[in-house]
Amino acid sequence: MTAAAERTQHSSTEDVLAVAREQVLDRGTGLSQEQVLAVLELADDRLEDLLALAHEVRMRWCGPEVEVEGIISLKTGGCPEDCHFCSQSGRFPTPVRSAWLDIPGLVEAARQTAATGATEFCIVAAVRGPDARLLSQVRDGVKAIRESGNDIQIACSLGMLTQEQVDELVAMGVHRYNHNLETARSHFPNVVTTHSWEERWDTLRMVRAAGMEVCSGGILGMGETTEQRAEFAAQLAELEPDEVPMNFLIPQPGTPYEHYEPVEGREALKLVAAFRLAMPRTMLRFAGGRELTLGDLGAEQGMLGGINAIIVGNYLTNLGRPAQRDLDMLADLKMPIKALADSL
Amino acid sequence: MYCVHCGRPDAEGDHSGCRGVRAALEPPRFCAECARRMVVQVTPVGWSARCSRHGEITSAEPTSVV
Ligand code: SF4
Ligand SMILES: [Zn+2]
Ligand SMILES: [Zn+2]
C-alpha cells in the first residue's frame, strides 16, 4: 500500500466513528448502509472505540434499562418451510421431533420466566403461519397465564399472518409480534426457498398497522457477505422495528448449515455495535448463539457495546446459559432490569 | 448404551461433534438405552425428553431463579 493510500484508508476509518459520533450520538440519526459497511470494515484495533461509541449511543437514546425476555416453543418441529438454519424444518434429517406443549406447561413456563424478573414472554410455534388449532391454543394459553395471576407481557411468533389473524392476536392482548427478516433481502433466497423475504415484510407491515409492537431481526453467520450484513442492517432500520433480536448461527445437526463455522467473537461484537449505530433507538436483543460465539466475556462486552435486551435461559430447541448468570452479569454491570410498570 | 446427541453406540464411531461447547447447548435427543429419537421440550429453565419405550428424563430441577 502506498503512503497516500494508507493515509486515505486511515482517515476514512477514523472518519466513520467521528461521523457516527456527531450523526448518531448527537443527532440520533442511524448510519446508512454504506456507513455500516465502513464500520464493519474497521480494523480490529478500532473495536474498543467502536463498542464504546455504540454503548454511549445506547445509553443516550435508550437508557440504562435492559429488557429481559423468556421464550417458549408451543409447537416444536415438523415445519413445512425450508429455512436452511433451522432444526425444526421437517425437510431436513434433524434429530428434532415434533412436540406440542400443553396449557399447564405453557403457564409454568410463563411463571418460570416471570420469576427471573423478565417482563416479556414470547410464545413461538414452528409453522409457516398459524392455523385455527394453533390460534385457539394461543388464545387458551394467554387466558390461562392471565388467570394464574401472571401479568407478564406476552409476545408471539407464529409465522406469516393474514389480516384476520393479526386482528385476533391484538384482541387476545398480544402486544408484540416477532417475525424475523432473517437476513439481507439479497441473501434470503439462498436461505429459504419456500417463502419470500417480501412475504415476511408484508406480515410485519400488517402487525405495525394493527398497533402491535414489531420485533424483527435475524441470524448472522449464514454465509452472507460483509456487504450483505450492512444491507441487512439498513433494511431493518428502514422497517423501524421496536425490537431487533440478533442471533448468531448455531450450526444444527442435519441442516444444510450443519458445518458452517460460528461467527468469530470480534466479528460478532462488531456486528452488535454496527447494528446499534444503524438503529440508535431500537431495542437490540442478544438472542441465540451468543454462548457459542461470544462466551461469558463476550456477552458482557456486547452489553457494553450496544445491546440493551436479552433472552434469558434456554431457547426454543437449544439451551442457553443459566438465567441467573445473566442476571448476575446485569447486576455487575449495574444495568437495571426494565420493570413491568415501565413497559406498560 | 447410545450417544444421546447422535444416537450411535457410545463405543463406536466418532463422537467428537457430540462433546464440547456445541453439544452443551443441545438437550439429549436420543434415548441412551435404545437410541430412539425422543420427544424433547425445552423450557426457559430446563428440558424434558421422552422415549416412547423408556419414559421421560428431565434436566435437574431448577433452583436458581424460581
Ligand atoms: S418457518 Fe420457522 S420453524 Fe419453520 S423452518 Fe423456517 S425458521 Fe424453522
Ligand atoms: Zn454421538
Ligand atoms: Zn428408549
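**Exercise 1. Work out the make-up and overall dimensions of chain B.**

Start by counting elements: chain B has one helix and three strands. This is a predicted model, by the way. Next, put the elements in order; from the N terminus they read α-β-β-β. Then take the extents of the C-alpha trace along its principal axes, which come to about 40 × 30 × 15 Å.

**Exercise 2. Find out how chain B handles burial, surface and charge.**

Step one is burial, with the cut-off at under 20% relative accessible area. Of the 66 residues in chain B, 44% are buried. Step two is the surface: chain B exposes about 3,600 Å² of accessible area, and carbon and sulfur atoms own 50% of that. Step three is contacts: take the pairs at least 6 apart in sequence, and 19% of those contacts join residues at least 24 apart. Last come the charges: there are 8 positive and 7 negative side chains in chain B, with 7 Å between the centres of the two sets.

**Exercise 3. Check the length of helix α9 of chain A, then see what covers it.**

Helix α9 covers residues 226-239, so 14 residues at 1.5 Å a residue, counting one less than the number of residues, give the expected 20 Å. From first C-alpha to last, the helix reaches 20 Å, close to that expectation. Now for burial: 10 of the 14 residues are buried, so α9(A) is mostly covered. Among them are F232(A), L236(A) and L239(A). The cover includes α2 (33-40), α8 (197-209) and β8 (243-248) of chain A. Finally, look just past the helix: E240(A) follows, with a positive phi near 55 degrees.

Key:
Residues numbered from 1 in each chain as written. Chains lettered and ligands numbered in written order. Predicted model: local features only at pLDDT ≥ 70, side-chain atom pairs only at ≥ 80, totals over all residues. Heavy atoms only, no water. Helix = DSSP H or I, 4+ residues; strand = E, 2+ residues; numbered from the N terminus. Buried < 20%, exposed > 50% of the residue type's maximum accessible area, 1.4 Å probe, protein only. Contact = heavy atoms within 4.5 Å. Areas by Shrake-Rupley, 256 points an atom, 1.4 Å probe, with all protein chains shown as cover. Lys, Arg positive; Asp, Glu negative; His and termini not counted. Charge placed at Lys NZ, Arg CZ, Asp CG, Glu CD.
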